[in-house]
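Thanks for asking me to look this one over. Here are my comments, written as a set of short points you can check against the coordinates.

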Amino acid sequence: PGSYADFEAQPITIRLLYYCSRAFNENILYRLFLGSLFAWVLRQVWRGQQRQVALSMLGMVLAHIINIAANVGYGHFTLEDSAWLFLRFCLPGFFWSWLYVRHGFATNEAAAISVHLFLQP
């Protein structure tokens, strides 16, 4: 869209501040709060030591799907669009979720924010 093209004309420091702060906020809202809530509920419903990590990941994936639905906002899209959406939004989000479940919030936050410093410019 035109608004995005206009945003790309902004200085790199403004763009990086925007993308990094947005990633920081999304990690807090969708992983720390919503994903952790979903993971906790799923672990309460299905108790069992062997499924704790899988249920936590399922909670994180559900939260990430809500994040994509709330922030990406695609209407009608083709098969190519869905492949691009999966590679651009789902795959990285699932990785950040795994990082959060296995290594904690601080590790996830540092990785998810710092990747924007290299990929967004």
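The points below go from the overall fold to single helices and then to single residues.

1. **What kind of model this is.** Please keep in mind that the model is predicted. The protein chain has five helices and zero strands, and along the sequence the pattern reads α-α-α-α-α.

2. **Burial and surface.** Of the 121 residues in the protein chain, 29% are buried. The chain's accessible surface is about 7800 Å², and carbon and sulfur atoms account for 68% of that area.

3. **Contacts along the sequence.** Taking contacts between residues at least 6 apart in sequence, 65% link residues that are at least 24 apart.

4. **Helix α2, length and bend.** Helix α2 covers residues 12-45, which makes 34 residues. At 1.5 Å a residue the expected span is 50 Å, and the end C-alpha atoms lie 46 Å apart, so the two values agree. You will also find a bend of about 30 degrees in α2, located at Gly35.

5. **Helix α2, buried side.** The bend residue Gly35 is itself on the buried list of α2. That list also includes Arg15, Arg31 and Asn27, along with Leu16, Tyr19, Cys20, Ala23, Tyr30, Ala39 and Leu42. If you are going through side chains by eye, the two buried arginines, Arg15 and Arg31, are worth a look.

6. **The salt bridge.** How many salt bridges does a search of the whole structure find? The search finds one. The side chains of Glu26 and Arg22 form a salt bridge, with an N to O distance of 3.1 Å. Both residues sit in helix α2, four residues apart, and are therefore separated by about one helical turn. As a reminder, side chains of opposite charge can pair when their charged atoms come close. Glu26 has a relative accessible area of 22% and is partly exposed; Arg22, at 30%, is partly exposed too.

7. **A nonpolar patch.** Leu37, Trp40, Val41, Val45 and Trp46 make a nonpolar surface patch of about 500 Å². One of these residues, Trp40, belongs to helix α2. With 46% relative accessibility, Trp40 falls in the partly exposed class.

8. **Helix α3, length and packing.** The 20 residues of α3 should span 28 Å at 1.5 Å a residue, and the end C-alpha atoms are 29 Å apart, which agrees. Its buried residues are Leu55, Ser56, Met57, Gly59, Met60, Ala63, His64, Asn67 and Ile68. Which helices do the buried residues of α3 pack against? They pack against α2 and α4.

9. **Gly59 as a contact point.** Gly59 lies in helix α3, residues 52-71. Is Gly59 buried or exposed? Its relative accessibility is 0%, so Gly59 counts as buried. Leaving aside residues up to four places away in sequence, Gly59 touches Gly35, Phe38, Ala39 and Leu42. Gly35, the site of the α2 bend, is thus a contact of Gly59. A C-alpha to C-alpha distance of 9.2 Å separates Gly59 from Arg43, 16 residues away in sequence.

10. **Phe95 in helix α4.** Phe95 is part of helix α4, residues 79-103. At 41% relative accessibility, Phe95 is classed as partly exposed. Between the C-alpha atoms of Phe95 and Val61 the distance is 9.7 Å, and these residues are 34 apart along the chain.

Conventions: Residues are numbered from 1 along each chain as its sequence is written. This is a predicted model: local features need pLDDT of at least 70, side-chain atom pairs count only at pLDDT 80 or more; totals for chains, interfaces and linings use all residues. Side-chain values use heavy atoms; hydrogens and water are left out. Buried means under 20% relative accessible area, exposed over 50%, partly exposed in between (1.4 Å probe, protein chains only). Contact means heavy atoms within 4.5 Å. Accessible areas come from the Shrake-Rupley method with a 1.4 Å probe; for residues, only the protein chains shown count as cover. The expected span of a helix is 1.5 Å times one less than its number of residues. The bend at a residue is the angle between axes fitted to the seven residues ending there and the seven starting there. Patches are made of residues with over 30% relative accessible area and no salt bridge: like charges are joined within 9 Å, nonpolar side chains (Val, Leu, Ile, Met, Phe, Trp, Tyr) within 5 Å. A salt bridge is a side-chain nitrogen of Lys or Arg within 4 Å of a carboxyl oxygen of Asp or Glu.
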